[in-house]
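Please open the model in your viewer and keep the selection tool at hand. The stops below are meant to be taken in order.

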Amino acid sequence: MDETVAEFIRRTILKIPVCEMMTILKTWNFLSESQLQTVNFRQRKESLAQDLLLLCEEKCATVQDMALLDIVYTQVHRHQKLWNVFQMSKGPDEDVDLFDMEQFKISFKKILQRALKNVTVSFRDAEKNAVWIRVAWGTQYSKPNQYKPTFVVYYSQTPYAFTSSSYLKSTLPLLKQALTIASQHHQIVQMDLRSRHLDSLQAIVFKEYNQIFENHNPTPPLQERSLGLDKNMDLRIIHENTLEKERIQRVTQEAFGDYPQPQLEFAQYKLETKFKSDLGRSILANRDEPFRCLIKFSSPHLLEALKSLAPAGIADAPLSPLLTCIPSKGMNYFKIRDK
Amino acid sequence: MSVLRPMDKLPDLNKATVLLVSTEDALLQQLADSMLKEDCASELRVHLTKSLPLPSSVARPRIDLIVFVITLHSSFQNVEESLHHVDSNFFLGKVCFLVTGAGRDSHCSVHRNTVAKLAHTYRSPLLFCDLEVESFRATVAQRLVRMLQICAGHVPGVSGLNLLSLMRSPSPPPEEL
């Protein structure tokens, strides 16, 4: 077994938390059941890694097997990467060709290998006609760097692909080209949408976030819920502004809906507008050049936080459409210019 | 413009009503719960609102004390506008300003002196408290309940105006630079 392969597998095993070890190894499906049974999973991680490595040696693990382990690990820990979204389009006159997954894989690999002699490309099929691709980049003269791969998740029945942010910016054009040509599209455009939560990105892009499922106990109508009719509520406390509260609940529900929001971490607004001031004379007010400003909202769950702003009394309802349009427009990076 | 007047209704027997005003609902709810936990001879009522004027209601009892709860990390424009709807007779001891959020200095968008000036302009007491800590909240709730009882006239020999003159700070707040 190659030195680099052994070292990579060892480091990956050390990264995996002990509680997930069995699941990941089984999903990887490289070591057999009987082999796994000979290993003591309760020992220290370093020794466990050594034992597993010996088993991999017996089976002569290759670069592809190692890459597959990396894909499985990343699929479980997908939130450790920042995902970008790309949208491809066909030309106006092109027919819809039948998609052949095997053809796509062969074509994708060939394009990359033709451009850069040293590159490791691996595939793993996933559900919903998706394929996970891992690319480790090298150059004409150096071997691929296995520790900085790019991951791509391509949904074959859609024009969308999700890629993990790569440290190597120079590889992006080649990746885009390979994706476009292999999937028989014409153009590829990067959407202004980024997040660590791949599932939320998919929900936004495939418009699946606003599905409300009927269950046995439908939630009580809005009126009852918003008044907080709670038997435990002290009758000595009287809320004076129930009308206003109801209005806010209604407006928030219209803007955000009843369903759980997709999870995004930030929204960024780049303003290139002229400075407007009510105070009349101001050093900044009478300039022709736009006032450049960057506003970034961050939160572990941005959309839920925005949804709770008005009911908490921190912001006025209705919220600015710039904030509420994020899932429907599929953007969380905005450039705002004067009209 | 409807204005809240202190003496336009008859008092109820042994009842004392306080009006808490703030944009942050959760904070008011917690403060109300703390106040109602206090042992008190009078029957307490707590009204919560975001701003004045209040919607007109015949059933509302006479308000004995108004507490404006100001959070230093949101704007207090709401409080300034609500103050226009309070009759001047209220400011003879029946209004109090309660400031919270001073602990987290980096989040403060309103300077403490601004609020001190506001309290001085309206000649009303200013209390500071971190309402998010339960023990501090319980302490300020105790003080507010006591003030409420005095303002409702349930403490013989002391009126709201007496209390105000006892609580007055000796000098106006320093001018802003």
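Begin where the two chains meet: the area buried between chain A and chain B is about 1,400 Å², buried area being the accessible area (1.4 Å probe) that two parts lose on being put together, summed over both, and carbon and sulfur atoms give 49% of it. On the side of chain A, select R236(A), I237(A) and E240(A), which lose the most area to chain B and together make up 47% of what that side buries. The model is a predicted one, in which local features need pLDDT of at least 70 and side-chain atom pairs count only at pLDDT 80 or more, while totals for chains, interfaces and linings use all residues. Residues are numbered from 1 along each chain as its sequence is written, chains are lettered from A and ligands numbered from 1 in the order in which they are written, and side-chain values use heavy atoms, with hydrogens and water left out.

If you now show every residue in contact across this boundary (heavy atoms within 4.5 Å), you will have 12 residues from chain A and 18 residues from chain B. Which side chain of chain B meets E240(A) in a salt bridge? It is R60(B), at 2.9 Å from N to O, where a salt bridge is a side-chain nitrogen of Lys or Arg within 4 Å of a carboxyl oxygen of Asp or Glu; the count between the two chains is two salt bridges. On the side of chain A that touches chain B, β7 (237-239) and α10 (242-256) each supply at least two residues, helices (H or I, at least four residues) and strands (E, at least two) being DSSP runs numbered from the N terminus.

Next, select β7(A) together with strand β2 (residues 43-49) of chain B, which pair in the parallel sense over three bridges; strands count as paired if DSSP finds at least two bridges between them. Within this pairing, L48(B) is the bridge partner of H239(A).

Following chain B onward from β2, look in the loop between β2 and β3 (65-71), where P53(B) has its place. The peptide bond from L52(B) to P53(B) is cis, with omega near 5°, and it is worth a pause because most peptide bonds are trans. L52(B) is also among the residues that S82(B) touches, the others being V21(B), S51(B) and F68(B), not counting residues up to four places away in sequence. S82(B) itself is found in helix α2 (residues 77-83) of chain B and is buried, with a relative accessible area of 1%; buried means under 20%, exposed over 50% and partly exposed in between (1.4 Å probe, protein chains only).

Return to chain A and select helix α7 (residues 172-182), whose buried residues include L174(A), L175(A) and L179(A). The buried residues of α7(A) pack against several elements of chain A, among them β1 (83-89), α6 (101-115) and β6 (187-195). After this helix comes Q184(A), whose phi is positive, near 60°. Another positive phi, of about 55°, belongs to K207(A), which is not a glycine and lies in the loop between α8 (198-205) and α9 (222-227).

Finish at helix α1 (residues 3-15) of chain A, where E7(A) and R10(A) lie three residues apart, about one turn of the helix. Their side chains meet in a salt bridge (3.2 Å, N to O), and a network of salt bridges links E7(A), R10(A) and R11(A).
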